[in-house]
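Open the model in your viewer and keep the selection panel to hand. The stops below go from the whole chain to single residues.

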Amino acid sequence: MRTLFKQTALAAMIGLSTPALASLAYVSNEKDNTLSIIDTETQEVVETIDVGQRPRGILLSKDYTKLYICASDDDTVQVFDLATRKIVDTLPSGEDPEQFSLHPNNKHLYIANEDDAIVTVVDVETKEVLAQIDVGIEPEGMAVSPDGKWAVNTSETTSMLHWINTETFEIEKNIVVGQRPRHVEFSKDSKIAWASAEIGGTVHIIDVDNLEQVHEMSFKVPGVSPDRVQPVGIELTSDGKYAFVALGPSNHVAVVDAQSYEVLDYLLVGSRVWQLDLDKDEKHLYTTNGVSGDVSVIDVEDLKVIKSIKVGRYPWGVVIDPTS
């Protein structure tokens, strides 16, 4: 970092353009109880940090100063300070937090509590539990729309999407989807929600204005048994061009035309691909591959896997800080 600072200062003095700072990718390693930090320019792990037990869901605060970590076996959400790279606080989470989502107000954290069949809403500033909302059996996925109007929870055993009004903390609608729904991803304009159903092998497209399903997708990976094609994480490009769907133990990521819903390609990555995130320029997509213990890097323009980065055991979540 000191070398980079000197280079930046020297470039400014002699009128050269300053070198770009690389983003940092954060990866939760479920079996190692660690966080791997990847420099996205060198595409190498630069630090590994001990965190709580069984870290799974991770997300950044809206001001990119903190990383929130679901320490599932500790029954807590840890607060990781990005500047000091230390755990600085914990938040009440309910039992067995797995996935969560932060409201655009940067205050209200919606947490899925798998063992208790509830969604817990916590104020991250005051640590106050604002609500505990009864949902279906084994709640897993959690998403808040970019406009802040909806929080959506997926219940695995009930096979439902629970649509929670973020002003009242009340469920306004339940939508039945395929078996074992795992993840929800909103389009940037909050008009479309994509929901994956792991055992159903499907992705469900929801019109948010009407809260109705408008399309259902399935996947056929050449040479892979259908029972191994299990959609989990979803990532959408901001230009509305692509949707990337992690297909679990099929070891492939589906590339989908986000307008026509046509599957364009299947990209072979590591074993049991789970979650995904785009870098700040959306030139590269990073995937966590649990069984092979690595992160695959996909070139978005060429739609090719260009690198595998070894991390800890059973990497689960990945987020990239666009300001780092």
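What follows is a short tour of a predicted model.

**Whole chain**

Select the protein chain and colour by secondary structure. One helix and 28 strands are assigned to it. The C-alpha trace spans about 60 × 50 × 35 Å along its principal axes. A compact globule of 324 residues would have a radius of gyration near 20 Å, and the 19 Å of the protein chain agrees with that.

Switch to a surface. The protein chain exposes about 13,900 Å², with carbon and sulfur atoms supplying 47% of that area. Of the 324 residues, 58% count as buried. Among contacts with a separation of 6 or more, 40% are between residues 24 or more positions apart.

Then select the charged side chains. There are 27 positive and 52 negative charges in the protein chain, and the mean positions of the two sets lie 6 Å apart.

**Strand 1**

Select residues 24–29, which make up strand 1. Is this strand enclosed or open to the outside? Six of its six residues are buried, so strand 1 is largely enclosed by the rest of the structure.

Show the side chains. In a regular strand they alternate between the two faces of the sheet. Here Leu 24, Tyr 26 and Ser 28 point one way, while Ala 25, Val 27 and Asn 29 point the other way.

**The partners of strand 1**

Add residues 315–321, strand 28, which pairs with strand 1 in the antiparallel sense over five bridges. Within this pairing, Leu 24 stands opposite Asp 321.

Now add strand 2, residues 34–39; its pairing with strand 1 is also antiparallel and has six bridges. Look for Tyr 26 opposite Ile 37 of strand 2. Strands 1 and 2 form a hairpin with four residues between them. Select Asn 33 in that turn: its phi is positive, at about 60°.

**Met 142**

Move to residues 139–144, strand 12, and pick Met 142 within it. Met 142 has a relative accessible area of 4%; the cut-off for buried is under 20%, so Met 142 is buried.

Which residues does Met 142 touch, leaving out those up to four places away in sequence? Select Gln 99, Phe 100, Ser 101, Tyr 110, Ile 111, Ala 112, Val 119, Ala 151, Val 152 and Asn 153 to show them.

For a last stop, draw a distance from Met 142 to Ile 192. The two are 50 residues apart in sequence, and their C-alpha atoms are 15 Å apart in space.

Notes. Residues are numbered from 1 along each chain as its sequence is written. This is a predicted model: local features need pLDDT of at least 70, side-chain atom pairs count only at pLDDT 80 or more; totals for chains, interfaces and linings use all residues. Side-chain values use heavy atoms; hydrogens and water are left out. Helices (H or I, at least four residues) and strands (E, at least two) are DSSP runs, numbered from the N terminus. The radius of gyration is taken over C-alpha atoms; the globule rule is 2.2 Å times the number of residues to the power 0.38. Buried means under 20% relative accessible area, exposed over 50%, partly exposed in between (1.4 Å probe, protein chains only). Contact means heavy atoms within 4.5 Å. Accessible areas come from the Shrake-Rupley method with a 1.4 Å probe; for residues, only the protein chains shown count as cover. Lys and Arg count as positive and Asp and Glu as negative; His and the chain ends are not counted. The place of a charge is taken as NZ of Lys, CZ of Arg, CG of Asp or CD of Glu. Two strands pair if DSSP finds at least two bridges between them.
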